[in-house]
Structure formats: C-alpha cells, structure tokens
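Reader: I'd like to learn how to read a model like this one, feature by feature. Could you walk me through it?

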There are 4 protein chains.
Amino acid sequence: MAEALHDVARIAHAELLTPKPDESLRFFVEIMGMEVEAEEGGSVYLRGWGDYLRYSLKLTEAAQPGLGHMALRAWSPEALERRVEAIEATGLGQGWTDGDVGHGPAYRFTDPDGHALELFYEAERYVPPEHLRPSWRNQPQRYVGRGAAVKRLDHVNVLAADVRTNRTFVQEVLGYRLYERIELDDGTETGAWLSLSIAAHELIYVKDAYGASGRLHHLAFWVDTREECLRAADLFVDNGVYIEAAPSKHAVAAGFFLYGYEPGGNRIEVTTGGYFVYDPDYEPVTWTAAERARGQFWGVHTIESFHTYGTPPVEPPA
Amino acid sequence: MAEALHDVARIAHAELLTPKPDESLRFFVEIMGMEVEAEEGGSVYLRGWGDYLRYSLKLTEAAQPGLGHMALRAWSPEALERRVEAIEATGLGQGWTDGDVGHGPAYRFTDPDGHALELFYEAERYVPPEHLRPSWRNQPQRYVGRGAAVKRLDHVNVLAADVRTNRTFVQEVLGYRLYERIELDDGTETGAWLSLSIAAHELIYVKDAYGASGRLHHLAFWVDTREECLRAADLFVDNGVYIEAAPSKHAVAAGFFLYGYEPGGNRIEVTTGGYFVYDPDYEPVTWTAAERARGQFWGVHTIESFHTYGTPPVEPPA
Amino acid sequence: MAEALHDVARIAHAELLTPKPDESLRFFVEIMGMEVEAEEGGSVYLRGWGDYLRYSLKLTEAAQPGLGHMALRAWSPEALERRVEAIEATGLGQGWTDGDVGHGPAYRFTDPDGHALELFYEAERYVPPEHLRPSWRNQPQRYVGRGAAVKRLDHVNVLAADVRTNRTFVQEVLGYRLYERIELDDGTETGAWLSLSIAAHELIYVKDAYGASGRLHHLAFWVDTREECLRAADLFVDNGVYIEAAPSKHAVAAGFFLYGYEPGGNRIEVTTGGYFVYDPDYEPVTWTAAERARGQFWGVHTIESFHTYGTPPVEPPA
Amino acid sequence: MAEALHDVARIAHAELLTPKPDESLRFFVEIMGMEVEAEEGGSVYLRGWGDYLRYSLKLTEAAQPGLGHMALRAWSPEALERRVEAIEATGLGQGWTDGDVGHGPAYRFTDPDGHALELFYEAERYVPPEHLRPSWRNQPQRYVGRGAAVKRLDHVNVLAADVRTNRTFVQEVLGYRLYERIELDDGTETGAWLSLSIAAHELIYVKDAYGASGRLHHLAFWVDTREECLRAADLFVDNGVYIEAAPSKHAVAAGFFLYGYEPGGNRIEVTTGGYFVYDPDYEPVTWTAAERARGQFWGVHTIESFHTYGTPPVEPPA
C-alpha cells in the first residue's frame, strides 16, 4: 500500500444504470435536487451544488439497474501512470478510453469482483452558467435548495462475493486506507470501510448475501446537516419514494443516513456526519458479529432487505 | 381584558401591499416556497404548507408597500358578536364586509394607530388538490420543500406612534395577553409583545421612530427549525434578497430570526423558536433601555434601519 | 365541553413513582439535566431550565414504578371552582388536599380509568438561586446544558382500558380538545391525543393492551430542537440507558421522539416538533388500523413492547 | 511544495498560554467540555471527546496570553526526517526535544514570523479510562455532553506581519495546500487559508493589524453541527463568557463560527461546516478588499476588534 498512498485523490463520479431513465432523472433532479450539466450519448450527467468538477453522477439507461462504472481521479499525471502500471500487473486492466464528458483519457479496469472502474487525471472544473452563478466565489454553484439539495456524491458501497480480496486490492493497488471492518467468528470478512482521505469512508465493500458478483449496494450523496437528512425523509414520504431505512445513525463509521430506492431500483443514501481520521497510523476497528447484532448506533435494527438487496437484483441461492 | 379573553383565536391572514406585484409574487412562491391558493380581484392568496385554513397571506398591488389589513378569527359566532360590540363601543368600528376568499362576513375596524383590522368567524378549511395531497392526513398539505418552505404566517409586527394605547386596546378589546414590553426611563413604552395563545408572540407593537401612523414593521413566517432559518439565509444570498439582519436569536421573546426585504420593500422575517406561556398569571417582563442596549441574545447589535424603517416608507421628521 | 373550555390551563407537573429512587434521581439530574428544586416528605421535586413554575416532575419512591398523580392548573380561582363542581358531579371526586411544594389547595380526583389527578390554582413562580440566575430575565433559569438539558415536562401519555370513556371525560369535565384519534374497524378507540392549548398534544390516552387500569405509558420532556433529541440518544447510549425507540418522527401528531426507560422502569420520552392548532373548529383526524400499519412518519415500525409495556408492569392476560 | 506534499499529517495539538490558569482550565473543562488527560510540569493537557490521540490542547501558565507552540505530526518517520532536513535548510530550525506527554522526540522550529512549532512522529493513541469508555469502539471516548462538548481542536489561526512569506514557508517546507487568500489592491496579502487535508482550513495566517510578530488570532474547536454552535452561544451568555462574534457563517471558507474570549484573554472559536477539497488541482480563491467589504456570508460585519485583537495583546502602532 505504501507506494500507492496518495496517488489516487477521490471518486470523481459514479455511473448509475436504470431501466427507467425518465423517472430516475426526475428523481435526481426534483427529489435529490441535482442539476443536469450535460446530456450525451444517451446518458445524463448530474451534479450537486457543491461539486467543483462538472458532475458526480452519470445516469445511463440499461435493461437492469446497477453500477455502470465508478471513476477515480489520480492525484497527478505521474500518479496516474504509476497506478496504471500497478493495475496492469494484477491482470485486471482493460486499457485506455478517450475519456468522457468533463474528463480526459481514462484507464479502464475491474476490481476482483468485477465492478467496472476507471482512472483518469485530466478533468474540467465546473463553470456555472449565469443562472447558477453563486453569490460567493468559493462556492462552485448557486445553492438552489430544490428537493433534498444534495451537495455531491459522497461514497460508493458495492457488494462483493469476497470482501477481503477486494478491499486488499484497492488498498494495495489504489492506495485506499482501511478504517473499519467486520469479521465473523469464522474469519469471514463481511464488510470493509475504506477511504483515500480523512473522511471516514469513501468506498465500502460489503459481502453479497447471495454470492453474486459486481453488484451495487448504494450510492451515497452528501448533505451538510442531519436536519437535511430529516427533511429529505419528509420529501421522500410526500413524493412516494420508498424509504428502506428512516434517518438514524450508523454504528459503523457513525454516519447519519436515510436510505431509499430511486425509481430504477437502485438504493440511494442521503448522508452526513461521521468522523475524520487525521493520523497515518489509525488502527482499523474490527467488529464482531456479536457487536453488530446490537444494531445501529442507537439500537435500530435495519430490515432484512438492507442486507440482501442489491442491483442488479438476483435470485437468492437455492 | 378578562371578558375578552379567549374570544379571538388567531391572526388568520395578513394582506401585504406591494408596488411590484409580479416580483413580490415570485419572491413568496420561489424564495419563501408558498403556494398560490387563489387569485381574485387583483389579489393573490398564498399559503404555507402547514396552513389548515386556505391561506395566510393576501398579496395586493398598491402604490406603496405596507400592511393592507390583518384579519383575526373569532373563537365562535358568539365570541364574534361580543367582540364586535366591544369594538363598536370604542368608536373604531367601520362596519361589516361580505367576506373574502375563504372566509365569511368580517367586521372591519382599526386600532387606535390606524392599522386596518378585520374580525370574522366563518372560514374554509383547506382541501389540497391532488398534486398537493400529503402522505399523512394530519398534514394539511404536501411538504414541497421549495425555497425556504415556510409553514405559515407566524406573527405581525406593526409600528405605532403610541405603543401603550394600542397594546391596551388589543388587550381589552380583543383579549390579547401581554408577555414582554420595553419601557424607557421616561416611562415611554417602545415595544409590546402580545399573544392570544401559549406562543410567545403573535402581535407586536413597536414605537414608530418617525412618529408616523399605520405602518408595518414586518410579517413573520414560521419554519420548524433553526436550520431552516440558516438555509433560508443561503437562499436569500444566492437569490439577491437583501438581508437586513442575518440569522440570530432575539433577546426579547427569544425567537430565532432572519430579516430581509421582499421586492416590494416590505420587511419579512423567517422565524422559529421562542418559548411557551402556559400559565394564566404570567407576569410580563419589562425591559429597560439599558438592558436593550446589550443587543440581541448573543450580543448582536441590529443595524439602525431595523429601528427606523417601516412600510410605507416615510421621511424622518425634520 | 363548551363550558369547560379554557378553564384548565395546563399540566403543571406529574409525579413519577420509582422503586429505585437514587438511580432515578441520578437519571433525571445527570442524564436528563434537570435541577433539584426541593426535597420534602421523601419526594424530590425537579425542574427543567424552561419551567417558570417551580417544578414539573415530582419523584417519589414506591414499590412499583408508575404515575403517582398528574396535577393540572386551573385558569383562575373561579375556573377551579367550576371544574371541581363538574368533577364532583361525575362521582369521581375525592376531596381537597392542602397542597404541596409550590402550590396551594388541590382537589383530588381520578379519571374513569383510575389515574390520580389533582387540580389547583395557586402556584409559586420560580425564583432562581444566584447560581442559576439567567443572563436574560425572560428565561426562568440559566441554561446549564447538562445532559439532555430538557426544558420542561411536555405531555403525559397514560394507558386506559377504555380510551373513549376517558378522553370524553377529560373533554367534558376538564375542557380538553381532541386533535387526533385511532379507531379500529370494529369501532374500538385505541388512542386519543388531547390538548388544552395550540400544542398538538398535552395528554394522550392509549388503549392498555393488557386491559389493566391506571397505568402510565410515558412522560415526555421537551427540548427545542430535533438535534437535541439526537444528542440525547448519544447520551443514552453512552450512559447505558435502554433505548426502546431511537429518534424518529411520529405519524400521529408528527412529533419527534426518543424513548428510553429510566432506571425505575418508567418509559421516558425526549420530544420536540409537532404542529399547532390555532383554530377553534379543528376537526380531529381519525386514523384507521390500516393507516397505522404504515408505521411512523418515515415508515419506522415501533417494537412490540411499545404497544404493551406500561408501568406498573402487569402480566399479559392469559 | 510537491516534495513536501503528504509528509505532514495534521496539527496534533496547540499550547495555549494563560495568565489565569485556573480560570482558563475551568473554562475549557466546564464550558468547552474538555477532559483533563494529564497534568505535568505545570501544564494541563486537555482533550475533546473525539480526539484519538491523547490530547489536542496544552494549557500553560504564562505572564501573557498567546500561543505557546503548535505541534505537527509527520506522516511517517521518513517524512519526519525529510521535513526536518527541509526546515534546517531554511535556517529556522532550533533542534530536537525529547518529546512531551503523549508524543516522542520533536523537532522545534519557528515560522518566519516567529511562532514556535514542533514536528514529531511518535504519538500515543488515547486509551479511555473506565468512566470514559464509549459504548461503540470506533469512538475514542464517551460522549459526556458537558458544556459545548467540543470534539477536538480544528484549526489554528495566527497573525503575521507578512502573510505571504509565512504561508509560502508552510507550503514549501511543510506541504500545506492553499485554498483561499485575500489580496488587497496594492498586492498585500492579508489572509491565507491552508490545509494538509480535504478540510477547508487547518492553518490560517492573517495580517497582524499592528505589525507585531508571533501572535495568535484564535484556536478553533470543532463541533459536528451548527446547532451545537448555537447551543455553545447560549452557554457562553449564561456563563458570562464574552462573545466577540455571535454564531454566523464565514464568507471565506464558509465555516460556521462562534467567537469568544477565554478567561486568559485568548480568542476561542467553536466551529463546524465548511467544505471539502478533494481535488489536487484546486485553484485557490483570491478575494479582493471590495469583496471582503460585503461582510460575512450572510452580510454580518465583524466588529473592529476581530481585525486587530490578538494575543499577546500589543499597543496599536502610533
């Protein structure tokens, strides 16, 4: 990991697949409060008011919901080169693409579980059009306040048949740091919370209860306050958005959450809170099954679907 | 006062005059988040998402900004009769009107300072159209969440040349209870906070610094949380709404505030907080000039215009 | 009801019985943040920082947890007389006591379900000692900020074998107004939310799942913000207080809640939010069993014990 | 800067000098809610509930208030070596100390303005005593909730005679990144907001209005929510702590603030909010004097002392 450290800066955006593109678009614009920054090749590129790159969500029509790909931004051209070399050494590399709306050439690869990833460096900073120009120049965009008014994509939570293999891959090859994990009594790792920064989690691997591969658990979008999560829940209720888990506080990573399903079937989180890890020698917290049985931070027990449902949906094993 | 007590239930709505009706309407709909419930006779009737009568704001074009009138609702037909009799006895009664959108016959009168008031009993409860039907039936309307998303009109603050005379009038004739007041060393009363309920203030008289009559200091709209006041301030900034007083906490009445000017020139407050007065023998708190010189609750000193500006605007006395 | 209306002002205090007086006292002082205002006759009298009478909770040792009594304050000496007469007419009156710490003569009676109630008028306003003197005189006491720092008692929720009989009693005899209720398909009323003021609930009757009499569901203490409920939940967790229901929003009455058990076994709520009923002709909302099956406002389903547990605890019927 | 990047992890703690050690200690324990972790050599070492190193504040008696020193933690032993070498090359190095409570050998140096700094790597992770053990193991300490209950030291704001020279020094020698700055029309740099992480500011240089050297503007302590800043203001008021700037939102860096003076005379901030900088090529925002004249985010104009007062206090230049 040491050599990968600091070479990757962030998750720049995620591509979400939806079988109901119009309804999903309406959800992200009207309910989540995002802006359409571009439409191209059948995809719509959406941004939160706090994104300073052009967008953090790419919405693409597909037969099944799920994660199209997740795009990471390298820290520098040299860092990009180093990481591509390391990826290629794993045999999981797929080669370069010309880039996409808002960013330059990207190297495409997968994690061991098969999730599609891209890594690029060149990116366009957002320039707001007149009607979205903010009053203060250190804000990338005007605060429109529509719907849940999410600020930006915060983290991506994917399912994997084998958590340990995948989180080790992103640690060693991409420089992620591990802050928390769950390990059952038999040694199976069922969850891993990873980050490239002081934020408590940016990428999460959770064991796929059905043993499937390449699935998405949820995309999480940031708001600055817990009050905004509560307000988002009111908006979900009055707009008929299915709430899978009402606002509460996670035990793991201590983030505040609201989970719902967007019309295409993907789980979406509105999140805030958590803690910061400023020290280089932070010892990951390992949770036992017994501890996890206590529920969330305030004792809430999440419903079964939270532990089994992912996109694309699959049948439970016989 | 004893006989007037409990005869008047509430301020049902206020009529605001504006020389810029289109811009004012856009402000109340887009920035304050109200809904247009009716348009009639050149006026627009607006409601917050928590109003269970049809509206709480009537917006009317006029050459000058200011308060058109303030409409009170009596507790019962008998209470209405009793109050009209009492008003007539003061010589300030003007007679009955046929009513207006959403309410029945109203008795028109003025307070001693000349502000127009109406008192009625019959009122229509709001029935939401399909697109505003709430998910839970104890909510009068869907929570749309647009702009500051104010819930309802909260209180009305008027200026008066002589505060004591006017607040005594509403105490004796309308049954208002006095919770706080300011009295200068020379015995002049410069402010009075009155209520018909446990809420810390519903009607406020403040001395008109210019000695004028019939002017409005501000209309205050309620939000449930201080976070919504802070969020409203962000919306004001990014929409170019002039903020006269940034969010903070009042010393008198302890309410949380944000003050701005709507395009027509009237001062508008977004408010929450305060305290409840449950007891019948609450002793009004009387503040001295020395105490008021300490500023607001956390020491903020409001700017000069807050103590002089009202609508319609008038010239300072020579 | 009409003649009883406005004769009773509020619930002045509740007496809580506890088999663990020392631990209960520590809970209310350290975790809930109340102050000891007096100790007399084996009871401790506690106040929130926003109580302007001397106290709102009386804590008394007893073999079993439960509600000792609930004390109501009449609006005036005349109102007290009128209500006592009305109570006596029901046959549920028990006669006068000399009063208690902080209040004068009280008339003792029960509701039909057997809960002990008292009604008085004379009461002492709180005068803070030097170390609790607030900076602003419209606050009854300094904000100490210890623990959950509850402001005052907010409402009392009792269980009753027959809800309809009891809520009709408090409506007719005490002037309570009914704002919401639950009625099963067979016509059984299983819950009633009542108030003496614009506050959405001050007294709640819920059907005793075990058919017992005179039991308490919970006492609710007010905080001004939802953030304080969330903070209280953190304090409960770290102090080993059992959380029965983590912070969320009620469907009925729309209040924000946190439920836990104090060491004596009584259920305690930390609450805020809700709505105000300003109009005299508010039509109570009647919920069906089907609607209640949707859970709380954001879909949370409260655990079984919430619907069965009360104090004193009793055995489920065979 | 490129070679220094990522070599320094964070500000581990700050040492505050106070002429009133007992009163200052009481302030940080009772009002700010910190815990005493150690006392040694006449200093008291204090921690917030979210510090995972042992402490973040060292309080030391002195004739004058001010900053004793600021201690930075290197990312690794190798990074420490590299930075010491770079510091020595500037001629501002002073040599090694044996360390202090909770950390190993530290290299002592000053910035060009003369503020004392230390850099170390070895540090002890906090192990809570029984009475402060948290319920969840990913929290370093129980949430006690006393006073403002600050979580940890957040940032340090120092005054400097020449801002540009000092911020360039910490960029080049320590790897700080510059996110925002103020530049007057004559080219003078009057403020610089720097960070080692995605947090919008960790170290701030502001021009000393009196041209003095080595002075402190303020230490800022973190809380997770704006509501906690508002609550802290209530506690300041009722405890007689001087509030220099009531809660509001900064224009620069967009953080939420409350400023007061601790009994020793040092300015203290309770802060939250702001934004995150995830990208490596973030272009610093440069503010003009004209833009700064607009006041804070919501238009609040900070009082004169905010721009002149620092510790130790000095006389204005003649």
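Author: We'll go from a sheet to the domains, then to the chain contacts and a few backbone details. Keep in mind that this is a predicted model.

Reader: Let's begin with sheets. What holds the strands of a sheet together?

Author: Strands of a sheet pair through backbone hydrogen bonds, and the pairing is either parallel or antiparallel. In chain D, look for an open sheet of eight strands, ordered β2-β3-β4-β1-β5-β8-β7-β6, where the pairing is mixed.

Reader: Which strands stand at the edges of that sheet in chain D?

Author: Those are β2 (35-40) and β6 (93-97) of chain D; each has a single partner strand, so one side of each lacks a neighbour in the sheet. As for twist, neighbouring strands in this sheet are turned by 25° against each other on average, direction ignored.

Reader: In what sense do β2(D) and β3 of chain D pair?

Author: Antiparallel: β2(D) and β3 (residues 43-47) of chain D share five bridges. To see the register, find Glu40(D), which sits opposite Ser43(D) in β3(D).

Reader: And which strands does helix α1 of chain D lie across?

Author: Helix α1 (residues 21-31) of chain D lies across β1 (8-18), β2, β3 and β4 (57-61) of that chain. The angle between α1 and β4(D) is about 160°.

Reader: On to domains. How is chain A divided?

Author: Chain A has domain 1 (8-132) and domain 2 (152-308). Taken over C-alpha atoms, the centres of the two domains of chain A are 20 Å apart. Across the boundary, 34 residues of domain 1 of chain A are in contact with 30 residues of domain 2 of chain A.

Reader: Which elements give two or more residues to the domain 1 side of that contact in chain A?

Author: They are β1 (8-18), α1 (21-31), β5 (66-74) and α2 (77-90) of chain A. The largest share, eight residues, comes from β1(A). By class, the domain 1 side that touches domain 2 in chain A has 17 nonpolar, ten polar and seven charged residues.

Reader: Now the chain contacts. How many residues do chains D and A put into their contact?

Author: Chain D gives 28 residues and chain A gives 28. On the chain D side of this contact, you'll find 14 nonpolar, seven polar and seven charged residues.

Reader: What turn lays chain D on chain A?

Author: A turn of 180°, with a shift of 0.0 Å along the axis and an RMSD of 0.0 Å. That is the relation of a two-fold axis. Now check which residues each copy uses: 100% of the interface residues of chain D are also interface residues in chain A, so the copies meet through the same surface.

Reader: How many residues from chains D and C make up their contact?

Author: Here it's 13 residues from chain D and 13 from chain C. The chain D side that touches chain C divides into four nonpolar, four polar and five charged residues. Chain D can be laid on chain C by a turn of 180° and a shift of 0.0 Å along the axis, with an RMSD of 0.0 Å. In chain D, the C-alpha nearest that axis belongs to Arg146(D), 2.9 Å away from the axis. Once again 100% of the interface residues of chain D are interface residues in chain C, so these copies meet through the same surface.

Reader: Let's zoom in on one residue. Is Trp287(C) buried or exposed?

Author: Trp287(C) is buried, because it has 20 C-beta neighbours inside 10 Å, and 20 is where the buried class begins. Trp287(C) is in strand β17 (residues 285-287) of chain C. Leaving out residues up to four places away in sequence, Trp287(C) touches Glu180(C), Ile182(C), Val252(C) and Arg292(C).

Reader: What about the backbone? Where should I look for positive phi?

Author: Try Ala149(D), a residue other than glycine with phi near 50°. Ala149(D) lies in the loop between β8 (116-120) and β9 (152-160) of chain D, and is buried with 26 other C-beta atoms within 10 Å. Another case is Ala254(D), with phi near 60°, in the loop between β14 (243-249) and β15 (255-261) of chain D.

Reader: And which peptide bond in chain B is cis?

Author: The one from Thr311(B) to Pro312(B) is cis, with omega near -5°. Pro312(B) is in the segment after α6 (305-308) of chain B.

Key. Residues are numbered from 1 along each chain as its sequence is written. Chains are lettered from A and ligands numbered from 1 in the order in which they are written. This is a predicted model: local features need pLDDT of at least 70, side-chain atom pairs count only at pLDDT 80 or more; totals for chains, interfaces and linings use all residues. Two residues are in contact if their C-beta atoms, placed from the backbone, lie within 7 Å. Ala, Val, Leu, Ile, Met, Phe, Trp, Tyr, Cys and Pro count as nonpolar, Asp, Glu, Lys and Arg as charged, and the others, Gly among them, as polar. Two strands pair if DSSP finds at least two bridges between them. Helices (H or I, at least four residues) and strands (E, at least two) are DSSP runs, numbered from the N terminus. Axes are lines fitted to C-alpha atoms, for helices over the stretch in contact, and angles run from 0 to 180 degrees between N-to-C directions. Domain bounds come from an automatic or database domain assignment. Copies are superposed by least squares on the C-alpha atoms of residues with pLDDT of at least 70 in both. A residue is buried if 20 or more other C-beta atoms lie within 10 Å of its own, exposed if 12 or fewer, and partly exposed in between; C-beta atoms are placed from the backbone.
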